[in-house]
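Dear colleague,

I am handing over the structure below, together with an account of what was found in it. Please read the notes beside the coordinates.

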Amino acid sequence: MPLRSAARTNLVDLVIAQMESLISDGEWKVGEKIPAEPLLVEQLAVGRNTVREAVRALVHTGMLEPRQGDGTYVRASSDFGAAVQRRLRRAGAIEAYEVRASLERDAARHAAARRTEDDLVTLRAALVERDRAWQSGNIAAFIDADVAFHRTVADAAHNSVLADLYGHLSDALRETLHSVVAAPVPDAVRHQLDAHEAIVDAIEARDPEAAEAAVLAHLAEGMAALRDQPQDGTDDGMHSGGAAHV
């Protein structure tokens, strides 16, 4: 969605609304840097102070994050997502993972009952991309692909509230996955290709019980790995053996 020139009375609110739309519509993605201030001023046809006030307001809500000497980045896709992030910062890693696990389990059950043929195509493509990212050895790409896979499962459940909740939670956890989910375990456990294939197979077979069982087996390994990790943030989550299990 292109930026539009704002020409009404309450310019700050209009600019805020436009920026929120760009974020929620995915034009400005979580983790990406937004355009520099001079470009925003030019595209919006408003003053520098108006742009600064709008950015400051979105920083206050938690949707944007300024980084000294680097620019401003999208931190959350909505003010609700920002609230989820604030709450997670006060939670322990295991508590946050347990909530994510509950959503993944229910998403898989519903997806098995409600999936469409198009959902299956998207799930298989996400599975391939996840494996490709693993083979590349790029930890950040693997985490992104793994999160994308599970968000695809959530989408296949055809429950918009569940999908939104999972999306916000996974966005909030993305920053910490490097440090809280890695463990000195064999690569097969990190990769978990068979476990993720089992989830898709159960969804394809329209078997909610098998889908839930596959998710629970996958999550049990992750939870065990997480409990073995130090919870003080000192582990950087990167080991020479491969990407982190997520």
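In what follows, helices are DSSP runs of H or I with at least four residues, numbered from the N terminus. The model is a predicted one, and what I describe should be read with that in mind.

That definition bears directly on one of the salt bridges. E129 and R132 lie 3 residues apart in helix 6, and therefore about one helical turn separates them. Their side chains meet in a salt bridge, with 2.5 Å from N to O, and E129 is partly exposed, its relative accessible area being 38%.

Other salt bridges link elements that are far from each other in sequence. E212 pairs with R109, the closest N and O atoms being 2.7 Å apart; here E212 belongs to helix 11 and R109 to helix 5, so that distant parts of the chain, 103 residues apart, are linked. R109 is partly exposed, with a relative accessible area of 27%. R124 forms a salt bridge with D201, and their closest N and O atoms are 2.8 Å apart. Because R124 lies in helix 6 and D201 in helix 10, this pair ties together parts that are 77 residues apart in sequence. Both partners are partly exposed, R124 at 30% relative accessibility and D201 with a relative accessible area of 40%. In addition, R100, E104, R130 and D146 are linked in a network of salt bridges, and the count for the structure comes to 15 salt bridges.

Turning to the nonpolar interior, the largest nonpolar core has 31 residues, and those with the most contacts inside it are L88, L123, F149, V153, L169, I203 and A211. Two or more residues each are given to this core by helix 4 (79-89), helix 5 (93-114), helix 6 (117-136), helix 7 (139-156), helix 8 (160-180), helix 10 (193-204) and helix 11 (208-227). The largest share, 8 residues, comes from helix 5. Apart from this core lies another, of 18 residues, which includes W28, I34, L40 and L44.

Two members of the largest core may be worth displaying together. L123 is placed in helix 6 and, at 0% relative accessibility, counts as buried. Leaving aside residues up to four places away in sequence, L123 touches F149, T152, V153, V200 and I203. The C-alpha atoms of L123 and H150 are separated by 9.0 Å, although these residues are 27 apart along the chain. With the same sequence neighbours left out, F149 touches L123, A126, L127, R130, H196 and V200. R130, one of these contacts of F149, also takes part in the salt-bridge network with R100, E104 and D146.

As for the aromatic side chains, how many aromatic pairs does a search of the whole structure find? The search finds 1, formed by W134 and F142, and the arrangement is edge-to-face, with 5.4 Å centre to centre and 65 degrees between the planes. Both rings belong to buried residues: W134 counts as buried at 13% relative accessibility, because the limit is under 20%, and F142 counts as buried at 0%. Separately, R67 lies over the face of Y73, at 3.9 Å from the ring centre.

With kind regards

Methods
Residues are numbered from 1 along each chain as its sequence is written. This is a predicted model: local features need pLDDT of at least 70, side-chain atom pairs count only at pLDDT 80 or more; totals for chains, interfaces and linings use all residues. Side-chain values use heavy atoms; hydrogens and water are left out. A nonpolar core is a set of buried Ala, Val, Leu, Ile, Met, Phe, Trp, Tyr and Cys residues joined through side-chain atoms within 4.5 Å. Buried means under 20% relative accessible area, exposed over 50%, partly exposed in between (1.4 Å probe, protein chains only). Contact means heavy atoms within 4.5 Å. Rings of Phe, Tyr and Trp (its six-membered ring) pair if their centres lie within 6.5 Å; planes under 30 degrees apart count as stacked, over 60 as edge-to-face and the rest as tilted. A charge sits over a ring if NZ of Lys or CZ of Arg is within 6 Å of the ring centre and within 35 degrees of the ring normal. A salt bridge is a side-chain nitrogen of Lys or Arg within 4 Å of a carboxyl oxygen of Asp or Glu.
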